[in-house]
Each structure stands twice: as C-alpha cells, then as structure tokens.
Amino acid sequence: MRNLKQALANNDTIVGTWCNSGSPIIAELLASCGFDYVCVDVEHSAVDLPQTQQLFQAITAGSPNCAPMVRLHGVDYSLVKRYVDAGARGVVCPLITTKAEAELLVSAVKYPPHGKRGVGFCRANRFGLRLAEEFVAANEEVLIAVQIEHIDAVNNIDEILSVPGVDAVFIGPYDLTASMGITAQFEHPDYLEARDRILQACQKHKIVAGIHVVQPNTEELLKRSAEGYRFLAYSLDITMLMHTCTAGVAQLRSFLAK
Ligand SMILES: C[C@H](O)CC(=O)C(=O)O
C-alpha cells in the first residue's frame, strides 16, 4: 500500500485526484491511471460511509500503489474514526479555522497516546487479524491534512500549524476566495497574498503545502509544484468528464453546423 507520509518525508511530490461520483468503476479506473492517491469527497457529494468503503476497495483493486483518501464532512469525532476504520490512508478535513479544530481532528484520527481513536475490528486492521500492527502503523501512516479555505484560517495559520500531528495543508481555492468576497478570482492580489501567507507558514512549520487545481489543467498544477506545493490534487472525476464532454460536443457542433 502506498505510504503517502513516507513519500512526503522522502521529499517526493504526491499527485492525486478526487472522486465525487461515488462510482467504484471510476474510482478503480482513476487508481489504475498512476495517481498516488484518490480522495473520496464525502463533503460535497451524496457518497456515504458504506459507499466510501466500497470505493476504497475499488481504489486498491485499481492499484495497490494508490492510497485511498477521504475528504471528510468536518471534524466529527464519532464519524472521523469510521472513515479511517474503513481504510482511509489519508484524511483532508474541510474548513479548519482554529487550533482547537485541528487538535480535535488529530485526536479523532490517531490512536492513544497521540489521540483518542477507539480500537475496533474493521477493514483497516484486516477485521482484527492485523489489529496490533495497524494500531502502531496507523499513527505513523495516515496523512492528516487540514483544509485551509477561509480567511479566518489564514489569520490563525501559525496556531493551526503548531498542532502536533498535522502533516499537511490543503488549500481550497473556491471556499477561500468565497470567504474573501472574491469567489473564484484566482488572479486576485488578495487571494495570491493569502496563498503566499499559507505557503510561508508551511515552510516555517515544516508542514507540507497542498492545493487543489480543480479544472483539469496540468500547467497550472505544475506552476503550484514549482512554487513549493508537494501535495497536489489534479481535478476530480465529475469535472474531468464535464470538461471532456462539453469540449467534444462544442467541437462536433461547430463542424456539424458548417
Ligand atoms: C473541489 C473542492 O471542493 C475544492 C475546494 O474545497 C475549494 O474550496 O476550492
């Protein structure tokens, strides 16, 4: 199984994509494309926990070198552990704006002594067969990313990144710009300044910086990589499909109209 934290510790850049469709076939396909991870989005989709578990199975079937991740609904102690139990090797938690929220997230994901995750027989520990190994491995291997997507979070970034156990930041460009009153204006100087502040704080706290380039634009993603982001997200399944279909239909229609 791909160990994302190990890859990041080795100074590698990891690149993945997101799955919002809830389709196991799409999840398996994405995993077989060579991504380091596929992140199932349960915040902005109709995908629930049993589906997520099946999507994780599909991701691993697609490639054992692709790690299953989840973008959680939020910091809910009783729910977070169920997604990790289902097999998430990384979590992205939306809308973290305070140190207390980051602490709660870490305590929900990690077993004692670093957190308060309960021990249960589940898919992550092979239904109890690997319980002891997983108890140790999970604390080491499960990547914990806080999503920084509100200007309040940018203002509290030093406190948030001082929380032990936070491995990475993941910028949500749409929500961050929305919180600043400049929704989706990705060249706006205020957004660029906020991004700089986040990147500088990551460098100061030795936390990996990540970002989502939502449209399937490899040039844009490579620019972020050159700036120092090492946890990259290339688009999402529904957006890639929409992008390809609308472009194809437009091209066909323009020829057919001639
Ligand atoms: C596609 C994701 O929802 C990205 C995100 O969270 C954002 O705010 O941007």
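These legends go with several close-up views of a predicted model.

**Figure 1. The whole protein chain, before we zoom in.**
Let's start with the overall picture: the protein chain holds twelve helices and eight strands. Its radius of gyration is 18 Å, close to the 18 Å that the globule rule gives for 258 residues, so the chain is as compact as a globular protein of that length. Along its principal axes, the C-alpha trace spans about 65 × 40 × 30 Å. Of the 258 residues, 44% are buried. Take the contacts between residues at least 6 apart in sequence: 62% of them join residues at least 24 apart.

**Figure 2. A barrel made of eight strands.**
In which order do the eight strands close into a barrel? Follow them as 1-2-3-4-5-6-7-8, with parallel pairing. From one strand to the next, the twist averages 25°. As a reminder, strands of a sheet pair through backbone hydrogen bonds, either parallel or antiparallel.

**Figure 3. Strand 2 and its partner, strand 1.**
Here you can look at strand 2, residues 37-41, where five of the five residues are buried, so this strand is largely enclosed by the rest of the structure. In a regular strand the side chains alternate between the two faces of the sheet. Both faces of strand 2 are covered, with buried Y37, C39 and D41 on one side and buried V38 and V40 on the other. Strand 1 (residues 14-19) pairs with strand 2 in the parallel sense, over four bridges. To find your place in this pair, look for G16, which stands opposite Y37.

**Figure 4. Strands 3 and 4, with a helix lying across.**
Strand 3 (residues 67-71) and strand 4 (residues 90-93) run parallel and are joined by three bridges. A handy landmark is R71, which stands opposite V92 in strand 4. Now find helix 5 (residues 99-109), which lies across strand 4 and strand 5 (143-148). Helix 5 runs at about 155° to strand 5.

**Figure 5. Two alanines, A9 and A86.**
Which of the two is buried and which is exposed? A9, in helix 1 (residues 4-9), has 11 other C-beta atoms within 10 Å; because a residue with 12 or fewer counts as exposed, A9 is exposed. A86 sits in the loop between helix 4 (77-85) and strand 4. With 21 other C-beta atoms within 10 Å, A86 passes the cut-off of 20 or more and is therefore buried. Leaving aside its neighbours within four places in sequence, A86 is in contact with L49, T52, Q53, F56, C122, R123 and A124. Two distances help you get your bearings, both taken from C-alpha to C-alpha. A9 and Q215 are 206 residues apart along the chain and separated by 28 Å. A86 and G62 are 24 residues apart in sequence and 17 Å apart in space.

**Figure 6. The residues around the ligand.**
Which residues should you look for around the ligand? They are H44, E149, G172, P173, Y174, D175, H212, V214 and L236. By class, this shell has four nonpolar, three polar and two charged residues. Helix 9 (residues 173-179) gives the most to the shell, with three residues.

Conventions
Residues numbered from 1 in each chain as written. Predicted model: local features only at pLDDT ≥ 70, side-chain atom pairs only at ≥ 80, totals over all residues. Near = placed C-beta within 6 Å. Helix = DSSP H or I, 4+ residues; strand = E, 2+ residues; numbered from the N terminus. Nonpolar A, V, L, I, M, F, W, Y, C, P; charged D, E, K, R; others polar. Rg over C-alpha atoms; globule rule 2.2 N^0.38 Å. Contact = placed C-beta atoms within 7 Å. Pairing = 2+ DSSP bridges. Axes fitted to C-alpha atoms, helices over the stretch in contact; angles between N-to-C directions.
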